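Student: I would like a close look at one part of this model, with its surroundings. Please take me through it step by step.

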Amino acid sequence: MIEDEPAIAELIALTIRECDAVIEKTFSAEQAIFLLQNKSYDLILADWMLPGLQGIDLVAAVKSKNREQLVLMITAKADAESIVRGLEAGADDYVSKPFDPRVLAARVKNLLRRKQAEAQAQVLGSTEVFELNGLKFDYGRVEVTLKQNPIHLTPSEFKLLGFLLKSQGRVLTRDQLIDLIQGEDVSVTGRTIDTHVFALRKKLLDWSEHIETIRGVGYRVNYSI
């Protein structure tokens, strides 16, 4: 999130946390650009009127490098011309200040669902082979081996591990994992996710240390171990 007014930044952060998401705050576009050089984010929330580089210019710069990056603009510029300019710059959605936290939460959840659906399609259609510390994860063949020994996973366990690996170290909340794994014939709850992770850890033996629990939030794969 890029917002230079502390009170508004705190309100946005509170709203996003209630969506069961992790948020990182910055107060200028320049700080955001620095962070984006080293990290990736599911969603960027950007104010328009910022000190220094303006939010709309940040959106255009981000989209020029990564068209898939989701961006939501939150700004006091509520006139039709400004909204059109923001969307044409690349914003995926636009919320005007003052905003109702319920509306902001709904917009954020909608964009994150879209991101999750795209991630699910990529994993299910992927032919990549991923290797890390003796683990080999073959998306195309739907095979997992650990030190060349086959690991037999259920379909839900395979998808769960695949999504965690694809997230590149980002934390996936339980709600995100529920949306990613749940299908027409599969009913998933937060407790179900915890059960799948427990089963994965048992099957992956020492490699399971890579799967980190982020208390009260969800899980991620730690690449630095």
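What follows is one request and one connected reply.

Student: Take the loop between strand 3 and helix 5, where P98 sits. Which residues does the cis peptide bond join? What does K97 meet in a salt bridge? And how do the sheet and the two domains fit around this part?

Tutor: A caution comes before the details: this is a predicted model. Start at the loop. P98 lies between strand 3 and helix 5, the latter covering residues 101-124. The peptide bond that joins K97 to P98 is cis, with omega about -10 degrees. Most peptide bonds are trans.

K97 has a second role here. Its side chain meets that of E3 in a salt bridge, at 2.7 Å from N to O. The pair ties together distant parts of the chain. E3 belongs to the segment before helix 1 (6-17), while K97 is in the loop between strand 3 and helix 5. The two are 94 residues apart. The structure holds 12 salt bridges.

Now step back into the sheet. Strand 3 (93-96) is an edge strand, and so is strand 1 (43-46); each pairs on one side only. The sheet is open, has three strands in the order 1-2-3, and pairs them in parallel. From one strand to the next, the twist averages 20 degrees. Strand 2 takes residues 70-75 and is joined to strand 1 by four bridges. For a register point, use L45: its bridge partner in strand 2 is L72. In a regular strand, side chains alternate between the two faces of the sheet.

A helix covers part of this sheet. Helix 4 (residues 80-89) lies across strand 2 and strand 3. Its direction makes an angle of about 145 degrees with strand 3.

Next, place the loop in the whole protein. Domain 1 spans 6-118 and domain 2 spans 125-221. Their centres, taken over C-alpha atoms, are 29 Å apart. Eight residues from domain 1 and nine residues from domain 2 make the contact. The size of an interface is often given as the accessible area lost when the parts come together. Here the two domains bury about 800 Å² between them, with 43% of that on carbon and sulfur atoms. One salt bridge is counted between the domains. Two residue pairs are in polar contact between domain 1 and domain 2, both at pLDDT 80 or more. R170 and D42 form a salt bridge, with the closest N and O atoms 3.1 Å apart.

Finally, look at the backbone of another loop. N133 sits between strand 4 (129-132) and strand 5 (135-138). Its phi is near 50 degrees, a positive value in a residue other than glycine. Most residues other than glycine have a negative phi. The hairpin of strand 4 and strand 5 has two residues between the strands. Those strands pair in the antiparallel sense over four bridges. V129 has D138 as its bridge partner in strand 5.

The chain then turns again. Strand 5 and strand 6 form a hairpin with four residues between them. In that turn, V142 has a positive phi of about 55 degrees. Strand 6 covers residues 143-146 and runs antiparallel to strand 5, joined by four bridges. L135 has L146 as its bridge partner in strand 6.

To return to your loop: K97 takes part in the cis peptide bond with P98, and its side chain also meets E3 in a salt bridge.

Notes. Residues are numbered from 1 along each chain as its sequence is written. This is a predicted model: local features need pLDDT of at least 70, side-chain atom pairs count only at pLDDT 80 or more; totals for chains, interfaces and linings use all residues. Side-chain values use heavy atoms; hydrogens and water are left out. Two strands pair if DSSP finds at least two bridges between them. Axes are lines fitted to C-alpha atoms, for helices over the stretch in contact, and angles run from 0 to 180 degrees between N-to-C directions. Contact means heavy atoms within 4.5 Å. Domain bounds come from an automatic or database domain assignment. Buried area is the accessible area (1.4 Å probe) that two parts lose on being put together, summed over both. A salt bridge is a side-chain nitrogen of Lys or Arg within 4 Å of a carboxyl oxygen of Asp or Glu. A polar contact is a pair of N or O atoms within 3.5 Å; within protein, one must be able to donate a hydrogen and the other to accept it, and residues adjacent in sequence count only if both atoms are side-chain atoms.
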